[in-house]
Amino acid sequence: RPIPRRGPVRRLSSRQVLRLEIQRQALKAWQRTRPAGQVDVVDLGTEFGDSGGIARDVLGYERATVCGCELWEPNGSKAGATGFYDEVFKDDARDFLGRPDESGRARTFDVAFCCEILEHMPHDDGEKLIRDMIAHLRPGGLILVTAPLGWMPQGPIDGNPHEVHVSAWDPVELEDLGFVTLAVLPEHRLFVSAYTTANVEWRA
């Protein structure tokens, strides 16, 4: 079925607005390095579909396929209803990349969003997820990671037990894995990091 061109309007906090704008500009900078052609996007932990919206804003509907992975079914349903995703899978991000796609082949992608999910899993699991994303990334692809800066206590939200924070992260840890730190916003307890082997001018 045709995918709607616009998702529902949702009130965003200033922290969310900043995060999404940094993601948008990073994706635009990466896109400038790409020849024309299909782009496959995966959003690990869709929540309400904000990153899917960024993918559609920058890459459009004809050029990109966007799939999402969300463990909490109510969030996955909301993300799917935006029309930003070709498909949303109910799955744990830690397991999703290891599962073959519909054709039985290993999942690979050009762009991955991993936004505000590392803090919801033990640190060792988060580091393994980062390494798995790098392993499944196609040459010249892009990984965008956002996470709270340091320890930020949080319990369940709206009945979602997966919202609990169990680990703390620092951008230097991702730099040690080959990422570039795009932004550190102490006032919002937030950082944004990117991984790519492409020659990207981030500040352009």
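1. A quick word on terms before anything else: helices and strands here are DSSP runs, numbered from the N terminus, with at least two residues for a strand. On that basis, Arg189 sits in the loop that links β6 (180–185) to β7 (190–196). Keep in mind that this is a predicted model.

2. Have a look at the backbone of Arg189. Its phi is near 50°, which is a positive value for a residue that isn't glycine. Most residues other than glycine have a negative phi. As for the surroundings, Arg189 is partly exposed, at a relative accessible area of 33%.

3. Glu47 also deserves a look. Phi at Glu47 is near 45°, again positive in a non-glycine residue. You'll find Glu47 in the loop between β1 (39–44) and α2. With a relative accessible area of 26%, Glu47 counts as partly exposed, because that class lies between the 20% and 50% cut-offs.

4. Now the helix pair. Helix α1 (residues 14–31) packs against helix α2 (residues 50–59) at an angle of about 40°, and their axes are 10 Å apart. The crossing of α1 and α2 is right-handed.

5. Which residues make that contact between α1 and α2? From α1 come Arg19, Leu20, Gln23, Arg24, Leu27, Lys28 and Gln31. They meet Asp50, Ser51, Ile54, Ala55, Asp57, Val58 and Leu59 of α2. By type, the residues of this contact split into six nonpolar, three polar and five charged.

How values were computed. Residues numbered from 1 in each chain as written. Predicted model: local features only at pLDDT ≥ 70, side-chain atom pairs only at ≥ 80, totals over all residues. Heavy atoms only, no water. Axes fitted to C-alpha atoms, helices over the stretch in contact; angles between N-to-C directions. Helix = DSSP H or I, 4+ residues; strand = E, 2+ residues; numbered from the N terminus. Left-handed = near helix turned anticlockwise from the far one by under 90°. Contact = heavy atoms within 4.5 Å. Nonpolar A, V, L, I, M, F, W, Y, C, P; charged D, E, K, R; others polar. Buried < 20%, exposed > 50% of the residue type's maximum accessible area, 1.4 Å probe, protein only.
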